[in-house]
Amino acid sequence: MQDVEVIEDAQAAAAALDPVRARLLGELAVPASAAGLAARVGIPRQKVNYHLKALEAHGLVELSEERRHGGITERVLRATAASYVVSPAALSASAADPDASADRLSAGYLVALAGRLVREVGTLVRRAGSSGVRVPTLTIDTRIGFRSAADRAAFAEDLTAAVLDLAARYHHDDGRPHRLVVAAHPVPEETS
């Protein structure tokens, strides 16, 4: 089971976003049969089976094991991932494109950039998944409190200079290209 699976197919995204199927995916972090799931979630086994077949057809659940009980074979399924993210690629033509935005400081540009990040890394993970090769990534995630817009602007200027210096020092034209994205946004307040 993967930690996170990026869904790029529109029909798979629709299947995963259905409330009943989303609940079944969550329950299938622990492998279960249709009968076992039906008892856990309080939905008739036939209805659970219907939804499981749809999820399996889109590659969101997989066979974990088969158990024989007399002449009956019970299929035990599990989710293919602990969690799922829908890629903008599932939206195809209507997906946000960061290259289409002239305002590099806008929230819209940041969201489009984040979408491209999900799409590109999802593609790399999918390609590497079958070979077992790890995707070479680096992530830095931190919080910083700015007292003023001037502090935020000075930080942005210093950070830009530091990143450009590091990029110039380590960049090689014959090296494997990597994309570096640095983003900042206010942290949303928690709602209760």
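# A walk from the core to the surface

Start with helix α3, residues 34-41, where Ala34, Leu37, Ala38 and Val41 are buried. Those four span an arc of only 105° around the axis, so they sit on the same side of α3. The arc is taken from the directions that run from the helix axis to the C-beta atoms. Buried means under 20% relative accessible area, exposed means over 50%, and partly exposed is in between (1.4 Å probe, protein chains only). Helices (H or I, at least four residues) and strands (E, at least two) are DSSP runs, numbered from the N terminus. An α-helix has 3.6 residues a turn, so residues three or four places apart point the same way.

This is a predicted model: local features need pLDDT of at least 70, side-chain atom pairs count only at pLDDT 80 or more, and totals for chains, interfaces and linings use all residues. Residues are numbered from 1 along each chain as its sequence is written, and side-chain values use heavy atoms, with hydrogens and water left out.

What do the buried residues of α3 pack against? Their partners are α2 (19-27), α4 (45-57) and β3 (72-79). Contact here means heavy atoms within 4.5 Å. After α3 comes Gly42, which has a positive phi, near 75°.

Now go to the core. In soluble globular proteins, nonpolar side chains tend to be buried together. A nonpolar core is a set of buried Ala, Val, Leu, Ile, Met, Phe, Trp, Tyr and Cys residues joined through side-chain atoms within 4.5 Å. The largest one in this model has 22 residues, and Val48 and Leu52 have the most contacts inside it. Two or more residues of this core come from each of α1 (10-17), α2, α3, α4 and β3. Look at Leu52. Setting aside residues up to four places away in sequence, Leu52 touches Leu24, Leu28, Ala34, Leu37, Val61 and Leu77.

His51 lies in helix α4. Is His51 buried or exposed? His51 has a relative accessible area of 7%, so it is buried. Beyond residues up to four places away in sequence, His51 touches Asp18, Val20, Arg21 and Leu24.

Next, find Pro31 in the loop between α2 and α3. Pro31 is partly exposed, at 37% relative accessible area. Its C-alpha atom is 6.1 Å from that of Val76, although the two residues are 45 apart along the chain. Leaving out neighbours within four places in sequence, Pro31 is in contact with Arg40, Ser64, Val76, Leu77 and Arg78.

Charged side chains come next. Side chains of opposite charge can pair when their charged atoms come close. A salt bridge is a side-chain nitrogen of Lys or Arg within 4 Å of a carboxyl oxygen of Asp or Glu. The structure holds nine of them. One joins Arg126 to Glu8, with the closest N and O atoms 2.4 Å apart. Arg126 is in helix α5 (residues 107-129) and Glu8 is in the loop between β1 (2-7) and α1, so this pair ties together parts 118 residues apart in sequence. Arg126 is partly exposed, with a relative accessible area of 47%.

Glu8 has another neighbour in helix α5, where Arg119 is placed. Arg119 touches Glu8, Ser87, Pro88 and Ala89, not counting residues up to four places away in sequence. The C-alpha atoms of Arg119 and Glu8 are 7.8 Å apart, with their positions 111 residues apart along the chain. Arg119 counts as partly exposed, at 27% relative accessibility.

Another salt bridge stays within one helix. Asp165 pairs with Arg169, the closest N and O atoms being 2.8 Å apart. Both lie in helix α6, four residues apart, about one turn of the helix. Elsewhere, Glu65 and Arg67 meet in a salt bridge of 3.4 Å, N to O. Glu65, Arg67 and Glu74 are linked in a network of salt bridges.

Finish at the surface. Ile144, Phe146, Phe155, Leu159, Leu180 and Val182 form a nonpolar patch with about 520 Å² of accessible area together. Patches are made of residues with over 30% relative accessible area and no salt bridge; like charges are joined within 9 Å, nonpolar side chains (Val, Leu, Ile, Met, Phe, Trp, Tyr) within 5 Å. Accessible areas come from the Shrake-Rupley method with a 1.4 Å probe, and for residues only the protein chains shown count as cover. Phe155 belongs to helix α6 (residues 149-170). Phe155 is partly exposed, at 35% relative accessible area.
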